[in-house]
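Grab a pencil and work through these exercises with the structure open beside you. Try each task before you read its solution.

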Amino acid sequence: MRQCRDIEEQLTAYLDGVLEAGEKESVEEHLSTCSHCLTAFKDLQRTREILARLDEVDPPSGLAEQIMSRIHEREERRKGLFAKLFFPLHIKIPVQALATILVVVLSVYIYKTTLPEMGNFERVPEPQVTGTGSPAAKKDISPKIPAAAPAPQRSSRKAQAEKKEPAPAPQTAAAPDIAPHDEKTFVPETHADDNNALSFSKAAPPPREERLKTRGTAVREEKSKAPEAQHIPPLPTGPRDVRSHIAMTAGNPGEAAGQAKMIMRSLGGTGIVERAEGNTAIVSGWIDTAVLGDLTDRLKEIAAVDESKSSFVSGMRTAFIEIHISGTDSGREEKPADR
Amino acid sequence: METITLTWHSIAHLIIRHGTKPPGGLSQTEEGRPRENRDEDSQYVALCREGEPAAFEVLVRRHQKRMFNIAYRMTGNYEDAGDVVQEAFLSAYRTIKQFRGEAKFSTWLYGIVVNHARNRMRQTNSRSYHEPVRFDDPPSREEGGPAIDPPSRDISAVDLLVQKETQQKVQSCINGLDKEHREVLVLRDIQGFSYEEITGMLGIPDGTVKSRLSRARNALKDSLKKVFGDI
């Protein structure tokens, strides 16, 4: 009986032909002698045959279409709006790549636009004013120094006034020089046409190329920050004159002034203005400090330069220079020193 | 662009060519089950992995009938089988990138449908959806339950299989088996998969498949004898 139970457990494997050779012989030998196990085996055979002969069932019509419809719906949801925008062009750019490029471009743009202004702030504290002139020359300059101190307030008011109402026609270098000899009003006006009046009142203006870079955003920002400019730590040596001076004497100051203007223009000067004070012609404008030496040399060719009354501001890349051309008492033209 | 057009043409051609091809039943599959599908499946599987839903349609049309029969024999319900097949195909589409090609794609696919059918059986059992047929149950003639004819010695159950009613009785006997026994019986004796394939689909050892199959056959044999008297 125990043997019959063991054989019955092996009948399925025997039916499927997966028994080892020895086991198979053992089962066959038992089946040839045991009718009970043989009947059980035949019943299993018929059971398997019944299952094998069950008809296949046809799936409901449209099953494949339903499946594909659901898959297409899922694909549509997955693609989303962004993919739909690009699908007609067959451009498959990952959103992450586009976002990365956008962030990089924005970062570079912001860096480029803010860097020059940061540079301006870094250059402001330059307390040293080294003049080449004698103490007497400094005395000449000192009365003009207070003009720079109230300049931020005045110039900011001026800038606001310019915003509110149309500014008077900006004086260009080519315009006739009829400006009054008033430092306080003259200084901002000369730079109003450069959109850089405030930078003059605060400190030295940035070089021309940097001013071009920051044109627009930088100037607007400085205008809006004009009151804040007063919070900049005061210079230890008091208000600072940012002007350079060259004193000259000539027989005909007006003619010499015209030549001086041409020299300044040829050396890259900007905002060049000429005015007269009695027998003295004054030519002023912005010029690169690197060419101050050249300017002096070339001015010496047209008239005598009194170096003792001249002074130069160093430490800045661009300087505001005033050339004072006095007429000789005798009325005769002095020959240039080097002629 | 020309390559894409050609691909679409070849997919459309294969949909028409293979779409209505009947899957192999046991009579065809025990030894002579067609094996040539393996390469063709892998070709379309590769296209699916590249995001071509049209290639998946070829696989759906090729395997839907066999998938449905597995699901139907396991759940014993026509509507449930349709739902199970849909869910199984959607699941296969979602996870087709995880198919590493170590086994046949069809084996992987049928494993998914078996899983979904098993889940459906679990849900329906919890709702007492199916009334299992027990050996000691009194003969029932209510609609939906197994109708047991008086035993007859003149005509065997095998011969009676031509009748639709008889087939339904056999299905009722299958429904009465435990789900673990039911799935190995369906896969082996109805669908004709090898022990190795069943092992791969169910993720159980070969010995477990054999022992479950032995118990399943004996249980079904007893149930059939109870219903038909003589098989």
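**Exercise 1. A hairpin in chain A**

Which residue in β3(A) is the bridge partner of A:A276?

*Solution.* Before we start, a word on the model: it is predicted, so local features need pLDDT of at least 70, side-chain atom pairs count only at pLDDT 80 or more, and totals for chains, interfaces and linings use all residues. Residues are numbered from 1 along each chain as its sequence is written, chains are lettered from A and ligands numbered from 1 in the order in which they are written, and side-chain values use heavy atoms, with hydrogens and water left out.

Step 1: find the elements. Helices (H or I, at least four residues) and strands (E, at least two) are DSSP runs, numbered from the N terminus.

Step 2: look across from A:A276, and you land on A:A281 in β3(A).

Step 3: check the pairing. Two strands pair if DSSP finds at least two bridges between them; β2(A) and β3(A) have six, in the antiparallel sense.

Step 4: follow the turn. The two strands form a hairpin with two residues between them, and A:G278 in that turn has a positive phi of about 65 degrees.

Step 5: ask how covered β2(A) is. Buried means under 20% relative accessible area, exposed over 50%, and partly exposed in between (1.4 Å probe, protein chains only). Six of the eight residues of β2(A) are buried.

**Exercise 2. One helix, one face**

Work out whether the length of α13(A) fits its residue count, then find where its buried residues sit.

*Solution.* Step 1: get the expected span, which is 1.5 Å times one less than the number of residues. For the 14 residues of α13(A), residues 253-266, that gives 20 Å, and the end C-alpha atoms are 20 Å apart, so the two agree.

Step 2: list the buried residues of α13(A): A:P253, A:A256, A:A257, A:A260, A:K261, A:I263 and A:M264.

Step 3: look down the axis. These buried residues fall within an arc of 165 degrees, so they line one face of the helix. The arc is that of the directions from the helix axis to the C-beta atoms.

Step 4: see what does the covering, using contacts (heavy atoms within 4.5 Å). The cover includes β1 (243-250), β2 (270-277), β3 (280-288), α14 (292-302) and β5 (318-327) of chain A.

Step 5: step off the end. Just after α13(A), A:G268 takes a positive phi of about 90 degrees.

**Exercise 3. Two chains side by side**

Put together a small profile of chain A and chain B.

*Solution.* Step 1: count the elements. Chain A has 14 helices and five strands, while chain B has 11 helices and zero strands.

Step 2: look at burial. In chain A, 38% of the 339 residues are buried; in chain B, 54% of the 231 residues are.

Step 3: look at the accessible surface (Shrake-Rupley method, 1.4 Å probe; for residues, only the protein chains shown count as cover). Chain A comes to about 19,800 Å², with 56% belonging to carbon and sulfur atoms. Chain B comes to about 11,400 Å², with 47% belonging to those atoms.

Step 4: take contacts between residues at least 6 apart in sequence. In chain A, 77% of them join residues at least 24 apart; in chain B, 69% do.

**Exercise 4. Charged pairs**

Track down some salt bridges and say whether the partners are buried or partly exposed.

*Solution.* Step 1: set the rule. A salt bridge is a side-chain nitrogen of Lys or Arg within 4 Å of a carboxyl oxygen of Asp or Glu. The whole structure has 23 over all chains.

Step 2: start with A:E49 and A:R53, whose closest N and O atoms are 3.7 Å apart. A:E49 is partly exposed at 36% relative accessibility, and A:R53 is partly exposed at 41%.

Step 3: go to B:D41 and B:R62, with closest N and O atoms 2.6 Å apart. B:D41 lies in α3 (residues 37-49) of chain B and B:R62 in α4 (residues 53-75) of chain B, so the pair ties together parts that are 21 residues apart in sequence. B:D41 is buried at 2%, and B:R62 is buried at 6%.
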